[in-house]
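Please look through the structure below with the sequence at hand. The text after it goes through a helix, two loops, the cysteines and a pocket.

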Amino acid sequence: MNTRRNRVIIRLLNNIYLLMKGLLTPEISNFKFALGQSAILASRQSYFKVKNLWDAEVKVYSQWGEDGILDYICELIELAKPRVLEIGAGNFLECNSRFIAEFRNASVVAVDARADLLNAPLHSLKWKNHIELVNEWITPDNINSIIEYAEQNINSVDIFSLDLDGNDYWILESANLSQFKIVVVEYNALFGSSHEVTVPRNDRFERHKQHSSGLYYGASLKAFVELLEHKGFIFIGTNRSCVNAFFIKKNLRSKFETLKIHDLDKYVDSTIRESRDSFGKLSFLAGIDRNIAIESLPLWNIASQEMINVRDIFSR
């Protein structure tokens, strides 16, 4: 009898929790947005003297403060109501485009292979904004189809955000970015600042399947800087955690008079300890131990057009 009664009580509590969650989630989201909005508006008072891009960081829905950085860039280039294509938007709860959609009434095409993206709790955004949620696996072969889809459905594109933890370099290499003004891309700080390297192309790349640590993915910052230079963009900095790099069209550089660009070494000083063990639990590797964990894995050296190992980029 006690067991049956306990099951009933547990079921009842779960139902109460789900009910309260459904009722409170929109209110919590509204409160979070209001706090973020206040922080952004306060931060704008200092935009005229920003020297390092990360000084503009404000985290609302983004993972590492990209909400504030994107607002800073949009303010300086006078992009009042941007149109955004975000590749790797997760479930749209923590991403680079959600806050800009709410705050600047931006139109967004958010893309991810996660099925739960389509169930994202948009609440009032569903009717206040033009937001397209696309559940698709992105490769170098279909990226331009997605860009064309965004151009047609939200009438133009201004911001391109890419965060797939894997094949990112090869996708960006194939992407037609001619219509974009801003590019945000995640890089792997563990690959250092001196070499143009990326994981070999693998259109089914999954970060934790390639190596249990999750440290092996993406491309070096220098690889993206050189690639986007050829596509007409200039590097203007990263967030403080050395995760995402920001680029603008070259003709917009003069609008960032106070912004200083440092040697790339300054942007790979990552202290993030997100490594996993073989059971999927956080192992908190730090410093050179992170590199040692993946030292035998292959990298494609873009400059020399040869395959090397992770250990080679620290011994050359």
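What follows starts with the helix and ends with the pocket.

The model is predicted, and local features need pLDDT of at least 70, side-chain atom pairs count only at pLDDT 80 or more, while totals for chains, interfaces and linings use all residues. Residues are numbered from 1 along each chain as its sequence is written, and side-chain values use heavy atoms, with hydrogens and water left out.

Begin with helix α2, residues 66–76. Helices (H or I, at least four residues) and strands (E, at least two) are DSSP runs, numbered from the N terminus. Of the 11 residues of α2, 9 are buried, so the helix is largely enclosed by the rest of the structure. Buried means under 20% relative accessible area, exposed over 50%, and partly exposed in between (1.4 Å probe, protein chains only). The buried residues of α2 are E66, D67, G68, I69, L70, D71, Y72, I73 and C74. Just after the helix, E78 has a positive phi of about 60°.

Within α2, D71 counts as buried because its relative accessibility is 2%. Leaving out residues up to four places away in sequence, D71 touches I40, R44, Y47, F103 and R104, where contact means heavy atoms within 4.5 Å. With R44, the D71 side chain makes a side-chain polar contact of 2.9 Å. A polar contact is a pair of N or O atoms within 3.5 Å; within protein, one must be able to donate a hydrogen and the other to accept it, and residues adjacent in sequence count only if both atoms are side-chain atoms. L85 lies 14 residues from D71 along the chain, and their C-alpha atoms are separated by 16 Å.

Another residue of α2, E66, leads to a loop. Its side chain is joined to that of N239 by a polar contact of 3.3 Å. N239 sits in the loop between β7 (233–238) and β8 (244–249). Is N239 buried or exposed? N239 is buried, because its relative accessibility is 0%. Not counting residues up to four places away in sequence, N239 touches W54, E57, W64, E66, I69, N244 and F246.

A second loop, between β5 (182–186) and β6 (197–198), holds S193. At 12% relative accessibility, S193 also counts as buried. Its side chain makes a polar contact of 2.2 Å with the side chain of D265. Apart from neighbours within four places in sequence, S193 is in contact with K222, L264, D265 and V268.

Next come the cysteines. The structure holds 0 disulfides, a disulfide being a pair of cysteine sulfur atoms within 2.5 Å. Why does C74 have no such bond? The closest cysteine sulfur, in C95, is 14 Å from the sulfur of C74, which is too far for a bond. C74 is buried, with a relative accessible area of 1%. C242 is buried as well, at 4% relative accessibility.

Last is the largest pocket, with a volume of about 1100 Å³. Of the 50 residues that line this pocket, D163, L164, D165, E186 and R207 are the closest to its centre. The elements that give two or more residues to the lining are β1 (83–87), β2 (107–112) and α7 (207–210). On a 1 Å grid over the protein atoms alone, a pocket is an open set of points where a 1.4 Å probe fits, with protein on both sides within 12 Å along at least five of seven lines; lining residues have an atom within 4 Å of a point. Grid points are joined across faces, edges and corners, and a volume is the space filled by probe spheres set on the points.
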